[in-house]
Amino acid sequence: MARPSKGNSKNQQAIAKPFLKWAGGKGKLIEQLVNFFPLEMTTGQLTKYAEPFIGGGALYFHVAQNYPQIEEFFISDCNQQLVLAYQTIQQNVDDLVDFLSQLQQKYYCLDKDEQKDLFYQQRLKFNQNVTEINLEKFSKLWIKQTGLLIFLNRTCFNGLFRVNSKGEFNVPFGDYKNPKICDAENLKLVANLLARTQIRFGDFTASNNFIDSATFAYFDPPYRPLNKTSSFTSYAQGDFNDREQSRLAGYFRLLNNKKATLMLSNSDPKNVDEDDSFFEKIYKDFRIERVSAARMINSKASKRGKINELLIMNY
């Protein structure tokens, strides 16, 4: 099993971290995931990395800073606003930092009720901007929209990104004291990594032209709900239902035929139903392991705790 290089261990301040808090983020699972990395990640046989469901990007940031033999990177997502944020940081991080710095200064000068009012004003602007943005051409509106996304992520309840059926961000205000809205140093570190990364908007198949036999690809799709109440609407319009899970399994097999090296995470149905073999069936030809993770997306503390997740690999 692969072990990461030491990277920037002498200067922890120089390590880029996810710039958004994201539901299902893998920050606390990185050590377990790395234990299952293929040996080829350190021997030079794998020189490309792809993460089609980028989300907060915790594993991407880890790989990009700890595996110097990986030369090419690809990330994508079906959440347009998320992809826009990565593209904005890649293309103009300085103006984004200026926007966030001003917004943070304004926020800190307000009392709690005024902060709440500002939050809902900015949430409305964010939702109004969605239909006005040209996703094909960079503009100043990209700066504003990405800044609002980061602002909302820092100040909303539980740091969730959730949209309703109309695609509108609908998470309520969160009661935090002086949240760090503008992390200039980290954003600039993130921009340095993104400078050597292809960023695409689209579903997981958008990665097909990039992924080949020299690629390690990690898939972290929306998890299959363990029960009818465990899912929190959606982080993008449209549902990732069992049909989509099966379509992803078909794509996994297609990439396996291309000799790519593949890892995929998902929920473990056997946490609640020992007879539910959904993933064993659709990934029947692949290796399935279980790792222990903390269930964080629940408003009731009593329902949070350790739970098994699946790791599916073709090696």
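Reader: What makes up the buried part of helix α3?

Author: This is a predicted model, and in it the buried residues of α3 are Ala58, Leu59, Tyr60, Phe61, His62, Val63, Ala64, Gln65 and Asn66. Buried here means under 20% relative accessible area.

Reader: Why is α3 called largely enclosed?

Author: Just count along residues 58-66: nine of the nine are buried, so the rest of the structure largely encloses this helix.

Reader: How do you know that α3 is roughly perpendicular to α7, rather than roughly parallel?

Author: Look at the angle. Helix α7 covers residues 184-194, and α3 packs against α7 at about 70 degrees, with the axes 11 Å apart. Angles of 65 to 115 degrees count as roughly perpendicular, so that is what we call α3 relative to α7.

Reader: Which residues make that contact?

Author: From α3 you have Tyr60, Phe61, Ala64 and Gln65, and from α7 come Val190, Leu193 and Leu194. Sorted by class, the contact between α3 and α7 has six nonpolar residues, one polar and no charged.

Reader: What makes Phe19 and Tyr60 stand out in the largest nonpolar core?

Author: They have the most contacts inside that core, which has 66 residues. Helix α4 (residues 80-108) supplies the largest share of the core, 11 residues. There's also a second, separate core of 24 residues, with Phe210, Ile211, Leu248 and Phe252 among them.

Reader: What does Phe19 touch, leaving out residues up to four places away in sequence?

Author: Phe19 touches Phe61, Ala85, Tyr86, Ile89, Ile150, Arg154, Asn186, Leu187 and Val190. To count as a contact, heavy atoms must lie within 4.5 Å.

Reader: Why is strand β4 described as largely enclosed?

Author: The reasoning goes like the one for α3. Five of the five residues in β4 (residues 215-219) are buried, so the rest of the structure largely encloses β4. Both faces are covered, with Thr215, Ala217 and Phe219 buried on one side and Phe216 and Tyr218 buried on the other.

Reader: How do you know that β4 pairs with β1 and with β5?

Author: Check the bridges. Two strands pair if there are at least two bridges between them. Strand β1 (residues 48-51) is joined to β4 by three bridges, and these strands run parallel. β4 and β5 (residues 261-267) have four bridges, also in the parallel sense. Both pairs therefore pass the cut-off.

Reader: Which residues stand opposite Lys48 and Phe219?

Author: Lys48 stands opposite Thr215 in β4, while Phe219 stands opposite Leu264 in β5.

Terms used: Residues are numbered from 1 along each chain as its sequence is written. This is a predicted model: local features need pLDDT of at least 70, side-chain atom pairs count only at pLDDT 80 or more; totals for chains, interfaces and linings use all residues. Side-chain values use heavy atoms; hydrogens and water are left out. Buried means under 20% relative accessible area, exposed over 50%, partly exposed in between (1.4 Å probe, protein chains only). Helices (H or I, at least four residues) and strands (E, at least two) are DSSP runs, numbered from the N terminus. A nonpolar core is a set of buried Ala, Val, Leu, Ile, Met, Phe, Trp, Tyr and Cys residues joined through side-chain atoms within 4.5 Å. Axes are lines fitted to C-alpha atoms, for helices over the stretch in contact, and angles run from 0 to 180 degrees between N-to-C directions. Angles under 35 degrees count as roughly parallel, over 145 as roughly antiparallel, 65 to 115 as roughly perpendicular and the rest as oblique. Ala, Val, Leu, Ile, Met, Phe, Trp, Tyr, Cys and Pro count as nonpolar, Asp, Glu, Lys and Arg as charged, and the others, Gly among them, as polar.
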